[in-house]
Every structure is written in structure tokens, then in C-alpha cells.
Amino acid sequence: EEAWEAQNSGESVAAAAAKLPKLHALLACLVRDQEDLLRLAASLSSIRQQWRAPPECTIISWFSTDQALINETITLLQGFQEAIEAPGPRIAYNDGPARAVCSQVLAIQQEHFFGEAEHLRYMLNFVPEGDSSWILFSSPGGLWHPGRTAFFRNFTRQLPGPDKCLAAVAPLIVRPTQALPLLKTSIEVNRRLQLPDGDVEVSIEARHAAQYCVRRELLVDFLEDEGRASLMEEQCMEKLWSFV
């Protein structure tokens, strides 16, 4: 009887843990010059500096035609992957059936130029189906607030089912107002935010898909709605926001 109760208890905990939100960050990147590379490095640094565990999976789809930039980008992404995966499980929740999660990085170099929607469609293949799969959008120059993943994890696990809620939004990305050196820590970002004439600002507008965390099925519906004809258009993220 005790063994049966222990087994049932373990199964119930596992079932509860399986329902917790799994965050997947999608980042599409075109590396044309050193400025693009620096912006990507700053964005990846802000993901690495999250107070709680980074997303369960950060998926990066990128393209470049310059061999020197390709080599530098590969080195950058390898370092990012090691920094994310090497620590092993990290604390994601203060309480609940599973407090820690393992984070991983999947970086794919494309052989030819992709439009934004093509990148999204490709990366979506690596996001598991299910109500617990949530997608975070970003941009190569977007600097994540250090509490972004913690906020969205706690936010999405309290939301009703997909029949009532498909997306959550919060202004947790910082953007530079002028050319900046690489911002290496969240402390440096916070310090610059507090300067009276600071060179970064909180991107507070909700009219951009990068501010949202959406269920996987919403992105599936959007890409099916857009169809193949508009895959190369540059207004994909604006259309995605309108769809949301």
C-alpha cells in the first residue's frame, strides 16, 4: 500500500510538472556587418544574465554571406550555448512540483537568405506541440530585462487554458537610443536606465510581437494564415502583432 501511494504521488507530481509552461525563445538573425554581430552579442548576453533560468530552449536561426562574420558568429553562438547549458539545472520557480529546469540552445546556420516568416516557420519545427509550449519572440538588438523569463513563467502558469488565453504581454525589453558598446551585465543595463540622459530606454509599446509570449498553436495559425506568398516580406512581425 505504501509503495502504491508513493508511486501515485510520484506520478501526480510528474503530471503537474508536465503542465508547467515550457518557454522557447525564437531569434532570427541576419549578420551583415560587425554592428549586427555586436547587437546579437548584446541580446544573447541579456538572455544569459536572466535572474532565473533562461528559456528551456533558445532557438536561433541565422544567415550571413561573409566568411569572417560566419566564423565570428559561430564562435559567439558556441560560447553562448556553453554558458547556457554547462551549469545544468537552474532554479525557475520558488515552489511547485518542479523548481529547476534544464536550458538548451539550438543554433542553425541557414544556407540561403530567409525572410522573417521563413525563419519562424523553420524554428517552429523544434518547438514541441502541446498546451504547455510557449514562445518568446526577440530581435537581434533586443536586450531582455533580467526578470523576463521569471515573469513569463509565473504569468503563464496562472493563465486559463488555450480556449480562453493564447498570449501574454509585458514590456520587458530594453532598446538602445543610440550606438552603444556591448552591454555585458543586467546591472549595467539598469544603471544606464537610471541616468537622466541615458542611452537606453524600456521598450514599453505593446504594438510589437517581441513583447509577447504566445502559445505555440497561435504561431501555427498565423503562419498558416499568412501562407507561402508572404514568407519573404519584411513586415512579418508587424503582421504577427496584428494577428495576436
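User: Let's start with R32: does R32 count as buried or exposed?

Analyst: R32 counts as exposed, since its relative accessibility is 56% and the mark for exposed is anything over 50%. Keep in mind that this is a predicted model, so everything we read here is computed from it.

User: And what does D36 count as, buried or exposed?

Analyst: D36 comes out at 4% relative accessibility, so it counts as buried. The cut-off for that word is under 20%.

User: How do I read a contact between two charged side chains?

Analyst: Here's the general idea: side chains of opposite charge can pair when their charged atoms come close. Now the case in front of you: R32 and D36 join their side chains in a salt bridge, with 2.8 Å from N to O.

User: How many salt bridges does the structure hold?

Analyst: There are three salt bridges in the structure. Another of them links D36 to R39, where the closest N and O atoms sit 3.6 Å apart. R39 is partly exposed, because its relative accessible area of 37% falls between the cut-offs of 20% and 50%.

User: Where do D36 and R39 lie?

Analyst: First the general picture: an α-helix has 3.6 residues a turn, so residues three or four places apart point the same way. In this structure, both D36 and R39 belong to helix α2 (residues 34–48). They are three residues apart there, about one turn of the helix.

User: Which side chain meets R153 in a salt bridge?

Analyst: That's E56, and the N to O distance is 3.1 Å. E56 sits in the loop between α2 and β2 (57–63), while R153 is in helix α5 (residues 148–156), so this pair ties together parts that are 97 residues apart in sequence. Both E56 and R153 are buried.

User: Which residues are joined into one network by salt bridges that share partners?

Analyst: R32, D36 and R39 form that network. You've met both links already: D36 pairs with R32 and with R39.

User: What about parts that are far apart in sequence?

Analyst: Compare the separation along the chain with the distance in space. Take Q49, in the loop between α2 and β2: 98 residues separate Q49 from G147 in sequence, yet their C-alpha atoms are 9.2 Å apart. Q49 itself is partly exposed, at 26% relative accessibility.

User: Could you show me another case, in a strand?

Analyst: Sure. R215 is in strand β11 (residues 212–215), and at 5% relative accessibility R215 counts as buried. L136 is 79 residues away from R215 along the chain, and the two C-alpha atoms are separated by 9.1 Å.

User: In helix α8, which residues are buried?

Analyst: Look at C236, M237 and L240: these are buried in helix α8 (residues 236–243). They lie on the same side of α8, because they cover an arc of only 95° around the axis.

User: One more thing: which residues form the negative surface patch?

Analyst: A patch like this gathers like charges at the surface, and here the members are D131, D163, E217, D221, E224 and D225. One of them, E217, is placed in helix α7 (residues 216–226). E217 counts as partly exposed, with a relative accessibility of 35%, and patch members need over 30%.

Conventions:
Residues numbered from 1 in each chain as written. Predicted model: local features only at pLDDT ≥ 70, side-chain atom pairs only at ≥ 80, totals over all residues. Heavy atoms only, no water. Patch = residues over 30% accessible without salt bridge, like charges linked within 9 Å, V, L, I, M, F, W, Y side chains within 5 Å. Areas by Shrake-Rupley, 256 points an atom, 1.4 Å probe, with all protein chains shown as cover. Salt bridge = Lys/Arg side-chain N within 4 Å of Asp/Glu carboxyl O. Lys, Arg positive; Asp, Glu negative; His and termini not counted. Charge placed at Lys NZ, Arg CZ, Asp CG, Glu CD. Helix = DSSP H or I, 4+ residues; strand = E, 2+ residues; numbered from the N terminus. Buried < 20%, exposed > 50% of the residue type's maximum accessible area, 1.4 Å probe, protein only. Arc of directions from axis to C-beta.
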